[in-house]
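Please open the structure in your viewer and keep the sequence panel visible beside it. The tour below proceeds stop by stop, stating what to select and what is found there.

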Amino acid sequence: MNSYRTVALACNNDVIRTCKVVIRSGKTGSICHISRGVAFLLLRAHASAPRREVPPTVSDSDKRPNLRAIDLALKIRQEKQKGKATGGGSDAAVPNPSVPVSPLQKRVIELRQFTQQLQNVHPNVLAKHLHRGLILPHPELAVVNKPYGVSVQDGSSNKNNILDVLPILAKMMDGIRAGSQLHVCLGLDKETTGTLLLARTEEALDYVQNLHKNHQVERKYWVVAVGVPVPSEGVIDIPVIEREVTGAQPHFKMGLSPVYRVSDGGEGVTKVRANRQAQGAVTQYRVLDSRNGCSLVELQPITGVKHQLRVHMAYALGSPILGDHKYSHWTKLAPQKLPDGVLRRLVLEQSKARYLPLHLHARQLTLPEFKGQSDITVSCPLPKYFTSTLRRLQIPIPD
């Protein structure tokens, strides 16, 4: 039977009387009955015969290298960072040392880190950041250093706003004490940084709001202006009104509504009828220092009209605030146009100027004789992107 290959051997029962074996040759096979002795001989011959080793089949998955989960995560992170370093993506990018980037790309990444780090974080993370920036430990008041790009109240599509995390912040300040609460006394715009005054009781809230209504709360702002205001110190008293701007991009913005205009001969001014919808706006200003086509200006609003400081700087003094992309142009919505010298100092190109944040910081706040006590004056340190800009422009920071 050398020409045959045994495929199966079966016995009828434990007491082997007759067996049958299936033998094949090529593609054909047959079944025959054999005696018990022959069956044992076949089994012994089959067991002692050399077996032909069949090489194991290798699947496509076995050919692939073993990739651990951590290796895959690192690969995805590197690809994501590479895309952000070249200008893609909307989140703040972390520079990858293995990917060479130009100084311009590094500068854009830096600006994104400064301005977008707290806009999409968990509310607990934002509350912890505010708690670390707590400045005034007062039994009835609190002052926090408001970060850039975070709204005070829920009036936009942003995920985070300070009003929603105040209960968490109150627990961090007072522990699990029942009845702990915080109220926003004087708000700030989303793009403004600095002193944000909070009240820990409703009585203190009413008291501060009454002071603000009577123009008794003194607030000072620091701004980086494009250009140098002339004269270097003065008072701007020009009403502000909201107007519709028509054109390819219709929108609304605040503008000036002066009650005086230059006469036709240019020799004097003529008083005109005031617009009923205009609001009186008064701003004191003082240039603290100026270098390389920009200046550091201190502003003190006497009134509290929407976007008053930005409008007075851009349209009254002709020196818009650095990063104010809304009020740098009147007829259109476009990134701020900067002089070439300023762009070189900031290590930017005009096409990347849209990443510049608004350099408007609420520097100091004074409450006069709060509830019969002495004046309360609080100052907030400048944000990192603000000091970085001053350093690049070689403008010294005053004491």
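The stops that follow treat a predicted model.

**Stop 1: two packed helices**

Begin by selecting residues 123-132, which form helix 5, together with residues 162-174, which form helix 6. The axes of these two helices are 9 Å apart, and the helices pack at an angle of about 60 degrees. That angle makes helix 5 oblique to helix 6. As to handedness, the crossing of helix 5 and helix 6 is right-handed.

Keep Leu130 selected and add Val144, a residue 14 positions away in sequence. Their C-alpha atoms are 6.1 Å apart in space. Val144 belongs to strand 4, which covers residues 141-146. Is Val144 buried or exposed? Its relative accessibility is 0%, so Val144 counts as buried.

**Stop 2: a salt bridge and a cis peptide bond**

Next, select Glu218 and Lys220, which form a salt bridge. The closest N and O atoms of Glu218 and Lys220 are 4.0 Å apart. Glu218 is partly exposed, with a relative accessible area of 30%. In total, the structure holds four salt bridges; two others are visited at later stops.

Move on to Val230 and Pro231, and display the backbone. Which kind of peptide bond joins Val230 and Pro231? The bond is cis, with omega at about 0 degrees. Pro231 is located in the loop that runs between strand 7 (218-226) and strand 8 (233-237). For context, most peptide bonds are trans.

**Stop 3: a nonpolar patch on the surface**

Switch to a surface view and select Tyr260, Val262 and Val269. Together, Tyr260, Val262 and Val269 make a nonpolar surface patch of about 320 Å². Val262 has its place in strand 11, residues 260-262. Because its relative accessible area is 55%, Val262 is classed as exposed, the cut-off being over 50%.

**Stop 4: a salt bridge between two strands**

Return to a stick view and select Arg286 and Glu298. These residues form a salt bridge in which the closest N and O atoms are 3.0 Å apart. Arg286 lies in strand 13 (residues 282-291) and Glu298 in strand 14 (residues 294-301), so the pair ties together parts that are twelve residues apart in sequence. How do the relative accessible areas compare? Arg286 is partly exposed at 35%, whereas Glu298 is buried at 13%.

**Stop 5: His307 and the salt bridge of helix 8**

Select His307, in the loop between strand 14 and helix 8. His307 is not a glycine, yet has a positive phi of about 55 degrees. Most residues other than glycine have a negative phi. With a relative accessible area of 14%, His307 is buried.

Now select Arg310 and Asp324. Their salt bridge brings the closest N and O atoms to 2.7 Å apart. Where do the two partners lie? Arg310 is in helix 8 (residues 308-316) and Asp324 is in the loop between helix 8 and helix 9, so the pair ties together parts 14 residues apart in sequence. Arg310 counts as buried at 8% relative accessibility, and Asp324 counts as buried at 1%.

**Stop 6: a buried alanine in a loop**

Select Ala353, which lies in the loop between helix 9 (340-346) and strand 15 (360-367). Ala353 is buried, with a relative accessible area of 0%. Then add Lys337 to the selection: the two residues are 16 residues apart in sequence, while their C-alpha atoms are 7.7 Å apart in space.

**Stop 7: helix 10 and the residue beyond**

Finally, select residues 384-392, which form helix 10. Which residues of helix 10 are buried? Tyr385, Phe386, Ser388, Thr389 and Leu390 are buried in this helix. As background for viewing a helix, an α-helix has 3.6 residues a turn, so residues three or four places apart point the same way.

Extend the selection to Gln394, in the segment after helix 10. Gln394 has a positive phi of about 60 degrees, although it is not a glycine. At 44% relative accessibility, Gln394 counts as partly exposed. The tour ends here.

Technical notes: Residues are numbered from 1 along each chain as its sequence is written. This is a predicted model: local features need pLDDT of at least 70, side-chain atom pairs count only at pLDDT 80 or more; totals for chains, interfaces and linings use all residues. Side-chain values use heavy atoms; hydrogens and water are left out. Patches are made of residues with over 30% relative accessible area and no salt bridge: like charges are joined within 9 Å, nonpolar side chains (Val, Leu, Ile, Met, Phe, Trp, Tyr) within 5 Å. Accessible areas come from the Shrake-Rupley method with a 1.4 Å probe; for residues, only the protein chains shown count as cover. A salt bridge is a side-chain nitrogen of Lys or Arg within 4 Å of a carboxyl oxygen of Asp or Glu. Helices (H or I, at least four residues) and strands (E, at least two) are DSSP runs, numbered from the N terminus. Buried means under 20% relative accessible area, exposed over 50%, partly exposed in between (1.4 Å probe, protein chains only). Axes are lines fitted to C-alpha atoms, for helices over the stretch in contact, and angles run from 0 to 180 degrees between N-to-C directions. Angles under 35 degrees count as roughly parallel, over 145 as roughly antiparallel, 65 to 115 as roughly perpendicular and the rest as oblique. A crossing is left-handed if the near helix is turned anticlockwise from the far one by less than a right angle, and right-handed if clockwise.
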